[in-house]
Amino acid sequence: MNEFRNISKVGFMKHNGGLEFRKISNDEYEFKTEIQDYHINAGGVTHGGFIMSMLDSGMGTAAHQVIEGKAVTISLNTNFIGGSKAGDEIIGFAKIKKKTRSLIFMYGHLKCEDKLLASAEGIWKII
């Protein structure tokens with residue numbers, strides 16, 4: 001299995017805590033980060049906006065792995081299931097379900113210590 005590599009050298013995720021990424025197979029990928037104090041909401045758990053950003057960035061990076069060029073998110077449906085706190089390592093998973101000439105359909109989820117935090121389905125437009 002490939003080693004994790006930092007994909008947050010510039011841009012949004014660099015300023016939002018960083019993200020590491022690795023390929024598992026031709027259609028499966030993992031990504032991870034550690035939750036920081038600034039990711040926590042007023043309720044004491046990881047903010048839903050950060051959860052969605054992590055899914056969007058990890059799944060989007062997976063989309064870029066299967067095309068030549070770029071892709072943009074056109075749909076990301078997220079289900080929030082569990083909570084996490086500062087210091088937790090969050091592991092994400094992305095699976096390419098289908099790729100057409102212009103779209104990529106994907107499933108993803110986030111876990112912390114084998115506890116499901118969120119799941120997502122998304123569509124990326126190849127540009």
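These are my notebook entries on a predicted model, covering its sheet, one helix, one buried serine, one loop and a surface patch.

**Entry 1, the sheet.** I began with the strand order and found that seven strands form an open sheet, arranged as S1-S2-S3-S5-S6-S7-S4, with antiparallel pairing. The edges are taken by strand S1 (5-6) and strand S4 (71-80), each of which pairs on one side only. I then looked up how S1 is joined to strand S2 (residues 20-25), and the two pair in the antiparallel sense over two bridges. For Asn 6, I noted that the bridge partner in S2 is Glu 20.

**Entry 2, the helix.** Next I asked which strands helix H2 lies across. Helix H2, made of residues 48-65, lies across S1, S2, strand S3 (28-34), S4, strand S5 (89-99), strand S6 (103-112) and strand S7 (115-126). With respect to S6, I recorded that H2 runs at about 135°.

**Entry 3, Ser 119.** I turned to Ser 119, which lies in strand S7, and asked whether this residue is buried or exposed. Its relative accessibility is 13%, and because buried means under 20%, Ser 119 counts as buried. Leaving aside residues up to four places away in sequence, I listed what Ser 119 touches: Asn 77, Thr 78, Asn 79, Ile 81, Tyr 107, Gly 108 and His 109.

**Entry 4, the loop between S6 and S7.** Here I checked the backbone, bearing in mind that most residues other than glycine have a negative phi. Glu 113, found in the loop between S6 and S7, has a positive phi of about 50° although it is not a glycine. Asp 114 is found in that loop between S6 and S7 as well, and its phi is also positive, near 65°, again in a residue other than glycine. I then looked up how accessible each one is: Glu 113 has 74% relative accessibility and counts as exposed, while Asp 114, at 71%, also counts as exposed, since the cut-off for exposed is over 50%.

**Entry 5, a surface patch.** Finally I asked which residues form a nonpolar patch on the surface. The patch consists of Val 72, Ile 74 and Ile 127, which together have about 280 Å² of accessible area. I followed up Val 72, which is found in strand S4, one of the edge strands. Val 72 has a relative accessible area of 37% and is therefore partly exposed, as this value falls between the 20% and 50% limits.

Notes:
Residues are numbered from 1 along each chain as its sequence is written. This is a predicted model: local features need pLDDT of at least 70, side-chain atom pairs count only at pLDDT 80 or more; totals for chains, interfaces and linings use all residues. Side-chain values use heavy atoms; hydrogens and water are left out. Two strands pair if DSSP finds at least two bridges between them. Contact means heavy atoms within 4.5 Å. Axes are lines fitted to C-alpha atoms, for helices over the stretch in contact, and angles run from 0 to 180 degrees between N-to-C directions. Buried means under 20% relative accessible area, exposed over 50%, partly exposed in between (1.4 Å probe, protein chains only). Patches are made of residues with over 30% relative accessible area and no salt bridge: like charges are joined within 9 Å, nonpolar side chains (Val, Leu, Ile, Met, Phe, Trp, Tyr) within 5 Å. Accessible areas come from the Shrake-Rupley method with a 1.4 Å probe; for residues, only the protein chains shown count as cover. A salt bridge is a side-chain nitrogen of Lys or Arg within 4 Å of a carboxyl oxygen of Asp or Glu.
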